[in-house]
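Let's take a walk through this fold together, starting from the overall layout and then zooming in on a few spots. Keep the viewer open as you read.

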Amino acid sequence: MVAKQETDEQVGTGEAGESGGARRRGRPRSFDRATALEKALMAFWEHGYEATSVSDLTRVMGIGAPSLYAAFGDKQSLFAEVVREYGERYGSFGDRALAEEPTARAAVERILREAAVTYTAPGHPHGCLVVHAATNCTTPEVEELLRERRNANIAAFERRIRADIASGELPADTDAGALARYVGALIQGMSQQARDGAGREELQALAEISLAVWPRG
């Protein structure tokens, strides 16, 4: 069920009418919280954290500042919720690939291919919100939030690679940490190239080339 939140605007005054009875206060105007959150997500994704002001957010979300604060907290709290929502709706392809593919190489190949599709898909800004929102960010708490998300991804890659080393799928001398950071750098680079206009086929070609250096067991 979609939660509804009241705005700061109220309909009706409660003053006495001509008949002598008090007029009933009208119902408060409400908004769809999920829709408002999605609009905030798109604004942050397009412009980044610092360049998206509270006035920008209230405009695109269609609510007043008091309603924004009442429903989501301050801008930083709203952004933290946006990042969680983005991870669930647009960024979960990496976790699925790591969980479902039989090897680290197969998982990374799938992740890079799906990143090429997601980062260039119509209907939303290009690239990755977690990468782009960090551009020119000067708020330490937000920088740390985004850094933790990126580092968590690299740590997940490293765990999967180490599992393949342990099983003999990858050579025993494979540098799991360096290979995981290589994958992270590829994904972050693909995000920026998508922002710069690279298309799906161009990014998928990059993925093909990058996998040529993957160690063989």
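What follows goes from the whole chain to one helix pair and its rings, and then to a few single residues.

One thing up front: this is a predicted model. The protein chain has 217 residues, and 41% of them count as buried. Its secondary structure comes to 10 helices and 2 strands. If you trace the elements from the N terminus, the order is β-β-α-α-α-α-α-α-α-α-α-α, so to speak a pair of strands and then helices. As for the contacts in the chain with a separation of 6 or more, 67% of them are between residues 24 or more positions apart.

Now pick out helix 1 (residues 33-47) and helix 4 (residues 75-89). How do these two helices pack? Their axes are 9 Å apart and make an angle of about 90°. An angle from 65 to 115 degrees counts as roughly perpendicular, and that is why helix 1 and helix 4 get that description. On the helix 1 side, the contact is made by Arg33, Leu37, Glu38, Ala40, Leu41, Phe44 and Trp45. Facing them from helix 4 are Lys75, Leu78, Phe79, Glu81, Val82, Glu85, Tyr86 and Arg89. Sort the residues of this contact by type and you get 9 nonpolar and 6 charged, with no polar ones.

Stay at this contact and turn to the aromatic rings. A pair of aromatic rings is described by the distance of the centres and the angle of the planes. The count for this model is 7 aromatic pairs. One of them is Phe44 with Phe79, at 4.9 Å centre to centre and with 75° between the planes. Planes over 60 degrees apart count as edge-to-face, so this pair falls in that class. Phe44 sits in helix 1 and Phe79 in helix 4, 35 residues apart, and the pair therefore links distant parts of the chain.

Are these two rings' residues buried or exposed? Buried means under 20% relative accessible area. Phe44 has 0%, so it is buried, and Phe79, also at 0%, counts as buried because of that value. The pair belongs to a cluster too: ring pairs link Phe44, Tyr49 and Phe79. Tyr49 has a further neighbour in Lys75, which lies over the face of the Tyr49 ring at 4.3 Å from the ring centre. Lys75 is also one of the helix 4 residues that meet helix 1.

Next, look at the loop between helix 1 and helix 2 (54-61), where you'll find Ala51. Ala51 has 52% relative accessibility and so counts as exposed. Which residue pairs up with Ala51 in the distance check? It is Thr135: the two are 84 residues apart along the chain, with their C-alpha atoms separated by 9.5 Å.

Asn136 is in the loop between helix 7 (129-132) and helix 8 (140-167). Check its backbone: Asn136 has a positive phi of about 60°, although it is not a glycine. Asn136 counts as exposed because its relative accessibility is 67%.

Finally, go to helix 10 (residues 200-210), which holds Gln204. At 19% relative accessibility, Gln204 is under the 20% cut-off and therefore counts as buried. What does Gln204 touch, leaving out residues up to four places away in sequence? Its contacts are Arg113, Ala116 and Val117.

Terms used. Residues numbered from 1 in each chain as written. Predicted model: local features only at pLDDT ≥ 70, side-chain atom pairs only at ≥ 80, totals over all residues. Heavy atoms only, no water. Phe/Tyr/Trp six-rings, centres within 6.5 Å; stacked < 30°, edge-to-face > 60°. Buried < 20%, exposed > 50% of the residue type's maximum accessible area, 1.4 Å probe, protein only. Lys NZ or Arg CZ within 6 Å of the ring centre and 35° of its normal. Axes fitted to C-alpha atoms, helices over the stretch in contact; angles between N-to-C directions. Parallel < 35°, antiparallel > 145°, perpendicular 65-115°, else oblique. Contact = heavy atoms within 4.5 Å. Nonpolar A, V, L, I, M, F, W, Y, C, P; charged D, E, K, R; others polar.
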